[in-house]
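Work through the exercises below with the sequence and the model open side by side. Try each task before reading its solution.

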Amino acid sequence: MRSTLLGVLIGLAPALAIAQQPQNPYPPPTMAQQPPPAPPAQQQYPYYPPPQQPYPSYPPPQAVQRPVAPPPAPALARLTLATRSMEVAQLVTACANAIDNYHLDVARKKCGAALAKEDSLAFAHYLSAQANAPDVAQKEIARAAELSKTASRGEQLFIEGYRAMLQARTADARRTYDELVKVLPGDARALVARGQFKQTTLEDSDGAVADYARAVELDPKYPAAYNFLAFALADAGRLDEAQAALKKYVDLAPNEANAYDSLASMAMRRGATDEAIAQAKKALTVDTNFVVTHSVLGDALLFSGKGKEARRSYAALIATDDPPVHHDGAMREARSWLFDGRFGDGERALAAEADLSAKTKRPGDQADALVELARVQLDRGALAEAGQSLRQARAALDAPDTTSLMSETERRRLSAEALHVRAMVLGAIGERQLGEQRAEEMGVALKLAGDPHAGAKATSLKGWVAARNGDDKAALGELAQATRPTLRLAYALAMVRAKDEDKARTVIDELARRMVNDMEGALTRPRAAAWLKQHQAASASTN
């Protein structure tokens, strides 16, 4: 069999059908006619025309003219892998599908098997980068870029767009993903890749919705595309449409654990903890090895007032040998103590994760734990300790080998977060001018990383510093555009002091109902709930 290049999504070419002419295309005439003379035994002059029929009384019937169908439109271009092995192409496809559905352990195995057979396949290295921890991912994306020089243009654009995104070259990433969609207009995964870039880097949920919607239009049986579409719709506030998209995901992939995990996550967005617990347990029933479901299961239990059970779920994440999954579990467990009001346990858990991350050479995870630790220390007034934690985080991010162990995008994100907390510490000790300078530095860092809301984030942080220094007039103006819960709480309290308690209550009620296991929630949800309870009691006693 002749070898051919294979696409990422494997299909078989249809067999060619040979058209047969009818046996007798012209029927004999129905009127009387002279019998033709017998042909000679051997035709001497083939250029003579055949004997003519006598002239008929009526012209012969004309063949019915049937409308000619227009030629089919050419198929829209899709990615073609530079491999001649059907087996390798199937392994790469399986790797891509596993990444789509967050089975990263499966993805690593499938991509590893593909590369064991054909290490020169750039696209497989690109997928491997997405499935591995940061240190391995850095090596894989560099290898993919090197090999892509001889790859197809579509393959090059997939790789270059992702690489630019990791390196915080946002403008380059935008141009590359736009070109990718033009070069491969029929490739649903190209649209998904651009949609993810818009959703995560540009925070453009509407743009992401448009790309994902086009992806499912191109391939209505691409299950994971409905999952991406659902969460982009949810980010845009379109929860009913998001739920419908997830239903389609489940319909197409009823045995996919991630589909039920996504239903659990969507239930959490609506505050339906019982439904979230049921869907998360169903995911684990479908696939007991789908350990990442313990994230949403633990959160649902936590916000149901079952902190002890929640920490058992987080322990399943911590026990894995996958560094990102372990770190996610450790951070959720640490914050669960804060939600339960046990700040000492929370601080100890964050410090332990920072130490372990340092020992296992995970500078990004180390800095993440230290910055959150500093935020908790700031909250209890331990400003010197908070400053020390931030210096350790800065050292981890600036270490010489950091660039090989984490992406530039992640380094910049963590650096900006450290500047955010540094500005708060300075504001808390009365150094308002220095705190505002750090807020400006944070804005510059976010802008360089391509954050479209960098300016608004810097302004709202300066509002927090102003409030901490007793300038409620400036705080009310600057905090009005805040989105972070800790800054929203500062805004609400400033409104209380300005005697606008009704508006403040609306913000505080929103914070009390928020069900997200992050540091912002851990530091605001319990306080917002306590404030509402206190003021409801005061109102009841007054009445």
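The exercises treat a predicted model and cover a helix, backbone angles, salt bridges and a disulfide.

**Exercise 1. The span of a helix**

Task: Compare the end-to-end reach of helix α19 with the expected span, then find what its buried residues pack against.

Solution:
- Step 1. Helix α19 runs over residues 408-428, which gives 21 residues.
- Step 2. The expected span takes 1.5 Å times one less than the number of residues. For α19 that comes to 30 Å.
- Step 3. From its first C-alpha to its last, α19 reaches 30 Å, close to the expected value.
- Step 4. List the buried residues of α19. Among them are Leu414, Leu419, His420, Val421, Met424 and Leu426. Small residues are on the list too, including Ser415, Ala416 and Gly427.
- Step 5. Look for the partners. The buried residues of α19 pack against α17 (363-379), α18 (383-398), α20 (432-448), α21 (454-468) and α23 (485-497).
- Step 6. Check what comes after the helix. Glycine 430 follows α19 and has a positive phi, near 90 degrees.

**Exercise 2. Positive phi outside glycine**

Task: Locate glutamate 203 and lysine 361, and decide whether each is buried, partly exposed or exposed.

Solution:
- Step 1. Recall the background. Most residues other than glycine have a negative phi.
- Step 2. Read the angles. Phi of glutamate 203 is positive, near 55 degrees. Lysine 361 also has a positive phi, about 55 degrees.
- Step 3. Place them. Glutamate 203 sits in the loop between α7 (188-200) and α8 (205-218). Lysine 361 sits in the loop between α16 (343-359) and α17.
- Step 4. Apply the cut-offs: under 20% is buried, over 50% is exposed. Glutamate 203 has 37% relative accessibility, so it counts as partly exposed. Lysine 361 has 59%, so it counts as exposed.

**Exercise 3. Three salt bridges**

Task: Describe the pairs aspartate 211 and lysine 198, glutamate 275 and arginine 270, and glutamate 520 and arginine 484.

Solution:
- Step 1. Start with the total. The count comes to 47 salt bridges.
- Step 2. Aspartate 211 and lysine 198 meet at 3.2 Å, N to O. This pair links distant parts of the chain: aspartate 211 is in helix α8, lysine 198 in helix α7, and they are 13 residues apart. Both aspartate 211 and lysine 198 are buried.
- Step 3. In the pair of glutamate 275 and arginine 270, the closest N and O atoms are 2.5 Å apart. Glutamate 275 is partly exposed at 29% relative accessibility. Arginine 270 is partly exposed at 39%.
- Step 4. Glutamate 520 and arginine 484 have their closest N and O atoms 2.8 Å apart. Glutamate 520 lies in helix α25 (residues 519-542), while arginine 484 lies in the loop between α22 (472-479) and α23, 36 residues away. Glutamate 520 is buried at 11%. Arginine 484 is partly exposed at 24%.
- Step 5. Finish with a network. Salt bridges that share partners join Glu160, Arg163, Arg169, Asp172 and Arg175.

**Exercise 4. The disulfide**

Task: Which cysteines are joined by a disulfide, and what is the handedness of the link?

Solution:
- Step 1. A search of the whole structure finds one disulfide.
- Step 2. Cysteine 95 is joined to cysteine 111, with 2.1 Å from S to S.
- Step 3. The angle about the S-S bond is -95 degrees, and the link is left-handed.
- Step 4. Cysteine 95 is in helix α1 (residues 86-100) and cysteine 111 in helix α2 (residues 104-117), 16 residues apart.
- Step 5. Cysteine 95 has 0% relative accessibility, so it counts as buried. Cysteine 111 has 1% and is buried too.

Notes. Residues are numbered from 1 along each chain as its sequence is written. This is a predicted model: local features need pLDDT of at least 70, side-chain atom pairs count only at pLDDT 80 or more; totals for chains, interfaces and linings use all residues. Side-chain values use heavy atoms; hydrogens and water are left out. Helices (H or I, at least four residues) and strands (E, at least two) are DSSP runs, numbered from the N terminus. Buried means under 20% relative accessible area, exposed over 50%, partly exposed in between (1.4 Å probe, protein chains only). Contact means heavy atoms within 4.5 Å. A salt bridge is a side-chain nitrogen of Lys or Arg within 4 Å of a carboxyl oxygen of Asp or Glu. A disulfide is a pair of cysteine sulfur atoms within 2.5 Å.
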